[in-house]
Amino acid sequence: MADALQILILGLALGGVFALMGSGLSLVFGVMRIVNLAHPALIIGGAYVAYWGFKLWGIDPLVMLPVAALILAITGIVLYKLVFEREARSAKYSEMTVLLTFATAMIVEGAIGTAFTNTQRVTSPDYATDAIFIGDIFIPTGQLYAGIVSLAIIGALALFLKYSRFGYAIRATTQNRDAAELLGVNVNLVGMVSFAIGIALAGAAGALVSFVFSFFPAKHWEWIAVLMSLVVLGGMGSILGTVVAAFFLSVIAAFVGAWIGSTWSTMTFFLALFIVLLVRPQGFFGEKPELS
Amino acid sequence: MSLTTLDGTSDVLDARKTYNAALAKRADRTRATWFPLLLLALLLAFPAMQFLGNYNYAIHLILFTASYVVMASGWNILGGFAGYISLGHNVFFAIGGYFAGMIFARLGISTIILAPFAGLLCAVVGYGIGQITLKVRGPSFIISSLALVMIVRILFDHWEFVGGSGGLALPANDLPVRWAKLPYYYAFVVMAAFAVWASYKIKHSKFGLGLRALSKDEIKAESAGIDTRRYKTLAFAISAFFVGMAGAVWGEYLTYIRPNIFLIILVSVNMVLICILGGKGTVAGPVVGAILIVTFNEFFVATLGASEINILATGLVMASVLIFFPLGIVGTLAKSGRLPRILNWD
């Protein structure tokens with residue numbers, strides 16, 4: 001019983017980090033209808049910001065978090081202006097943007113890899129390797145802090161979306177872009193800002209990832225399908241759904257890892273994707289229903 | 001003028017038939033069938049150069065290009081004709097490579113003989129996978145194809161029978177160095193010619209017409225009486241066949257099979273990129289794209305070395321092609337009517 005509780009706690013701790021990793025992806029999809037395959041690569045970018053802050057000046061990754069978020073937000077605006085704005089009127093918008101974000105992922109990976117080589121790195125503040133013991137059960141402090149910070153950020157985001165005027169505009173655009181535009185919402189500005197917020201969330205997640213996982217530029221390929229499974233299972237564009245899915249799947253993955261073997265734990269996420277595919281043949285993103 | 005007379009002939013139908021024949025004739029006149037045939041003849045004769053000196057590097061480059069022509073032409077049947085973009089086709093590259101490689105290692109049967117069987121196996125697997133993943137289109141399909149690569153990668157990494165993540169070494173052939181590459185060279189050139197011929201045939205068949213219809217609008221295609229489900233799963237199987245065939249011979253050529261040769265994202269990206277660069281849905285596109293990508297690859301590897309720069313450059317090329325020439329080279333030229341006759345293979 002204690003074992004199961006221990007596994008549950010480890011799964012929940014990981015779920016907190018995955019929740020933040022997935023929420024930016026969900027926001028960008030909700031508002032822009034862009035399936036951003038570059039999101040995990042940008043998370044790695046955020047992780048490198050935190051890593052160098054710690055390595056060069058000894059700044060705690062949690063302090064570097066806003067810096068990483070800011071740098072990534074600027075990257076997001078540049079990306080949006082350079083690439084995605086002109087695609088808005090493309091006939092094959094969703095397909096084009098997926099391929100473009102895929103190319104972006106390769107550009108980001110290649111640029112980071114060229115600059116900092118492909119060696120594994122991890123930020124190591126004191127708390128990253130520490131643990132709190134409650135009876136027989138231990139909680140790794142690194143993951144605990146990461147989970148708390150991640151939930152705090154998601155909570156702030158939820159409040160912003162729910163109560164601020166701009167948050168109204170974002171939610172309105174998510175629900176119905178054309179209707180929002182008719183009612184005077186500047187959907188282009190909303191698109192750009194929410195894209196920037198989404199990428200900033202990737203930066204913030206990166207700072208947390210930097211001391212929870214070891215990372216290297218090519219690592220993001222492992223995360224693409226993992227994050228997609230969270231967003232898909234949670235219902236595309238729903239941030240709350242993504243968070244719930246993150247905790248749910250992380251806990252399952254933790255049990256699979258402990259009881260069946262650690263190599264199979266990531267398989268949980270990929271199989272979840274395929275199961276959703278089987279039971280929701282209309283597609284993850286509400287595409288046209290298929291006749292058969 | 002009645003529409004149909006009692007004996008079943010019709011003025012309108014006859015007129016349409018003559019008109020179509022005239023169109024086909026005009027298309028035939030602009031098509032230069034001699035050029036691909038000449039190219040094939042030159043490629044088949046090229047190894048004679050080995051009598052004059054050491055052209056092993058050139059042979060390797062042509063072989064490498066031909067292998068990508070096979071894969072990209074195969075990918076093009078699903079991604080170009082049917083419009084289903086798969087980023088996971090290297091799964092079939094791996095299945096073909098492992099199937100033929102394992103039999104080659106155990107029984108010593110050359111992978112060149114095994115290639116068609118590896119292709120068939122991949123077609124069957126592709127048909128099965130297509131039954132599930134082809135239910136969705138657009139971004140969902142792309143993501144499911146990526147997830148497929150991840151699943152297969154985990155499976156192959158931990159399947160001890162085929163060597164796990166360390167892979168398996170295959171015996172090299174005992175030909176002298178000068179001739180050692182030639183069996184694979186001919187295998188790939190012949191497969192490439194077959195793949196190009198097959199995609200021409202498919203494009204001009206009723207099946208190909210159906211695929212192009214469903215790539216434009218699946219619901220309209222369905223209501224026009226096309227069995228879209230069967231058509232696209234078949235397209236998936238055929239494209240898997242070609243990729244699997246290429247994988248089979250590739251393993252023996254490299255003399256080892258390992259997950260991180262077959263199941264890296266760069267392989268599947270190259271297939272997609274070659275087709276997008278050359279022109280999705282055209283017959284000549286994959287050939288033009290493969291030549292450009294291999295040249296470009298060699299240039300970057302030779303001048304800059306590191307594989308990470310290669311990824312950066314591949315990403316930049318892909319993004320700029322998508323933004324500036326979404327139809328690809330052949331497609332863009334054909335649209336503006338400036339396609340040179342020698343490249344009009346459609």
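**Exercise 1. A span of chain A**

How far apart do the end C-alpha atoms of residues 137-161 of chain A lie, and what percentage of the span is helix and what percentage strand?

*Solution.* The model under study is predicted. In this model, the C-alpha atoms at the two ends of residues 137-161 of chain A are 37 Å apart. The span is 84% helix and 16% strand. In the UniProt record, an unreviewed entry, residues 137-161 are among the stretches of chain A annotated as "transmembrane region". The same annotation also covers residues 6-30 of chain A. For residues 6-30 of chain A, the end C-alpha atoms lie 35 Å apart, and the span is 100% helix and 0% strand.

**Exercise 2. The build of chain A**

Determine how many helices and strands chain A has, and in which pattern they follow along the sequence.

*Solution.* Begin with the count: chain A has eleven helices and two strands. Next, read along the sequence; the pattern is α-α-α-α-β-β-α-α-α-α-α-α-α. Turn then to the dimensions. Along the principal axes, the C-alpha atoms of chain A fill a box of roughly 60 × 50 × 40 Å. A compact globule of 292 residues would have a radius of gyration near 19 Å, and chain A agrees because its value is 19 Å. Finally, consider the interior: 51% of the 292 residues in chain A are buried. Of the contacts in chain A with a separation of 6 or more, 76% involve residues 24 or more positions apart.

**Exercise 3. The build of chain B**

Carry out the corresponding description for chain B, starting from its helices and strands.

*Solution.* Chain B contains 16 helices and two strands. Its radius of gyration is 21 Å, while the globule rule gives 20 Å for 346 residues; the two values are close, so chain B is as compact as a globular protein of that length. The box filled by the C-alpha atoms of chain B, taken along the principal axes, is roughly 75 × 50 × 40 Å. Of the 346 residues of chain B, 50% count as buried. Among contacts between residues of chain B at least 6 apart in sequence, 78% join residues at least 24 apart.

**Exercise 4. Two helix crossings in chain B**

Describe how α5(B) crosses α11(B), and how α14(B) crosses α15(B).

*Solution.* Take the first pair. Helix α5 of chain B comprises residues 111-133 and helix α11 of chain B residues 228-254; their axes come within 6 Å and cross at roughly 145°. The crossing of α5(B) and α11(B) is right-handed. Their contact has 21 nonpolar, nine polar and one charged residues.

Now take the second pair. The axes of α14(B), residues 285-304, and α15(B) come within 9 Å and cross at roughly 140°. The crossing of α14(B) and α15(B) is also right-handed. On the side of α14(B), the contact is made by B:N297, B:F300, B:V301 and B:L304, and on the side of α15(B) by B:I309, B:N310 and B:A313. By class, this contact has five nonpolar, two polar and no charged residues.

One further residue of α15 of chain B is B:S307. The C-alpha atoms of B:S307 and B:N297, ten residues apart along the chain, are separated by 10.0 Å. B:S307 counts as partly exposed because it has 17 C-beta neighbours inside 10 Å.

**Exercise 5. Where the chains meet**

State how many residues each chain gives to the contact between chain A and chain B.

*Solution.* Chain B gives 37 residues and chain A gives 41. On the side of chain B that touches chain A, the helices α5, α6 (139-157), α10 (218-223) and α15 (307-324) each supply at least two residues. The largest share of that side, eleven residues, comes from α15(B). By class, that side of chain B has 24 nonpolar, seven polar and six charged residues.

**Exercise 6. Two residues with positive phi**

Are A:R33 and B:T255 buried, partly exposed or exposed?

*Solution.* Most residues other than glycine have a negative phi. A:R33, although not a glycine, has a positive phi of about 60°. A:R33 lies in the loop between α1 (2-32) and α2 (39-57) of chain A. A:R33 has 17 C-beta neighbours inside 10 Å and therefore counts as partly exposed.

B:T255 is likewise not a glycine, and its phi is positive, at about 65°. B:T255 lies in the loop between α11 and β2 (256-257) of chain B. B:T255 has 12 C-beta neighbours inside 10 Å, so B:T255 counts as exposed.

How values were computed. Residues are numbered from 1 along each chain as its sequence is written. Chains are lettered from A and ligands numbered from 1 in the order in which they are written. This is a predicted model: local features need pLDDT of at least 70, side-chain atom pairs count only at pLDDT 80 or more; totals for chains, interfaces and linings use all residues. Axes are lines fitted to C-alpha atoms, for helices over the stretch in contact, and angles run from 0 to 180 degrees between N-to-C directions. Helices (H or I, at least four residues) and strands (E, at least two) are DSSP runs, numbered from the N terminus. A crossing is left-handed if the near helix is turned anticlockwise from the far one by less than a right angle, and right-handed if clockwise. Ala, Val, Leu, Ile, Met, Phe, Trp, Tyr, Cys and Pro count as nonpolar, Asp, Glu, Lys and Arg as charged, and the others, Gly among them, as polar. A residue is buried if 20 or more other C-beta atoms lie within 10 Å of its own, exposed if 12 or fewer, and partly exposed in between; C-beta atoms are placed from the backbone. Two residues are in contact if their C-beta atoms, placed from the backbone, lie within 7 Å. UniProt positions are given in the numbering used here, feature names are shortened, and annotations may be inferred rather than shown by experiment. The radius of gyration is taken over C-alpha atoms; the globule rule is 2.2 Å times the number of residues to the power 0.38.
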